[in-house]
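Here is a short tour for someone meeting this protein for the first time. Have a look at the model, and then we'll start from a single residue and work outwards.

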Amino acid sequence: MSETNEMTDLSFEQAVAELERIVEQLERGDVALDKSIEIYERGEALKAHCEKLLSAAEKRIEKIRLDRQGQPAGTEPLDTD
C-alpha cells in the first residue's frame, strides 16, 4: 500500500493524532536532520488530508431554516463564506 493510499484511509482523528506526534518530535529537537525533513513532509501531507476532510464535512453540514414563527421549515446548505 502506498503512503498516499494509507493516508486517505486515516480518519480525521487519526491524522490529527499523528500530526500531533510529529509536532512533538520536531519540537523536542532530538531528531536527525534527514528524519526531521521526512517527518515534516509527512506532517504537511497530514495537514492537507485534514483540511480536505474538514472541507468535505462542511459541505455536508446543513443548517435548519426557521419560518416566521420560529418553527423548522427545512434545511439549506451551511454558509461557509
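## Starting small: Ser-36

Let's begin with Ser-36, which has a relative accessible area of 17% and so counts as buried, the limit being under 20%. Keep in mind that the model is a predicted one. You'll find Ser-36 in helix H3.

What does Ser-36 touch, if you skip its neighbours within four places in sequence? Its contacts are then Leu-26 and Val-31. With Val-31 there is some extra detail: the side chain of Ser-36 reaches the backbone oxygen of that residue at 3.3 Å.

## The helix around it

H3 covers residues 33–60, which makes 28 residues. At 1.5 Å a residue, that should give a span of 40 Å, and the C-alpha atoms at the two ends are 41 Å apart, so the two figures agree.

Ser-36 has buried company in H3: Ile-39, Arg-42, Gly-43, Leu-46, His-49 and Cys-50 are buried too. Take Ile-39: leaving out residues up to four places away in sequence, it touches Ile-22, Gln-25, Leu-26 and Val-31.

## The helix it packs against

Now for H2, with 17 residues and 24 Å from its first C-alpha to its last, close to the 24 Å expected at 1.5 Å a residue. Its buried residues are Ala-15, Glu-18 and Ile-22. Looking down the axis of H2, you'd see these buried residues fall within an arc of 70°, so they line one face of the helix.

And what do the buried residues of H2 pack against? The partner is H3. Over on the other side of H2, Glu-13, Arg-21, Glu-27 and Arg-28 are exposed. After H2 comes Gly-29, with a positive phi near 75°.

## The shared core

The largest nonpolar core is made up of seven residues, namely Met-7, Leu-10, Ala-15, Ile-22, Ile-39, Leu-46 and Cys-50. H2 and H3 are the elements that give two or more residues to this core. H3 gives the most, with three residues.

## The whole protein

Stepping back, there are three helices and two strands, and from the N terminus on they run α-α-α-β-β. The protein has 81 residues, of which 15% count as buried.

Its accessible surface comes to about 6600 Å², with 51% of that belonging to carbon and sulfur atoms. As for contacts with a separation of 6 or more, 41% are between residues 24 or more positions apart.

Technical notes
Residues are numbered from 1 along each chain as its sequence is written. This is a predicted model: local features need pLDDT of at least 70, side-chain atom pairs count only at pLDDT 80 or more; totals for chains, interfaces and linings use all residues. Side-chain values use heavy atoms; hydrogens and water are left out. Helices (H or I, at least four residues) and strands (E, at least two) are DSSP runs, numbered from the N terminus. The expected span of a helix is 1.5 Å times one less than its number of residues. Buried means under 20% relative accessible area, exposed over 50%, partly exposed in between (1.4 Å probe, protein chains only). A nonpolar core is a set of buried Ala, Val, Leu, Ile, Met, Phe, Trp, Tyr and Cys residues joined through side-chain atoms within 4.5 Å. Contact means heavy atoms within 4.5 Å. A polar contact is a pair of N or O atoms within 3.5 Å; within protein, one must be able to donate a hydrogen and the other to accept it, and residues adjacent in sequence count only if both atoms are side-chain atoms. Accessible areas come from the Shrake-Rupley method with a 1.4 Å probe; for residues, only the protein chains shown count as cover. The arc is that of the directions from the helix axis to the C-beta atoms.
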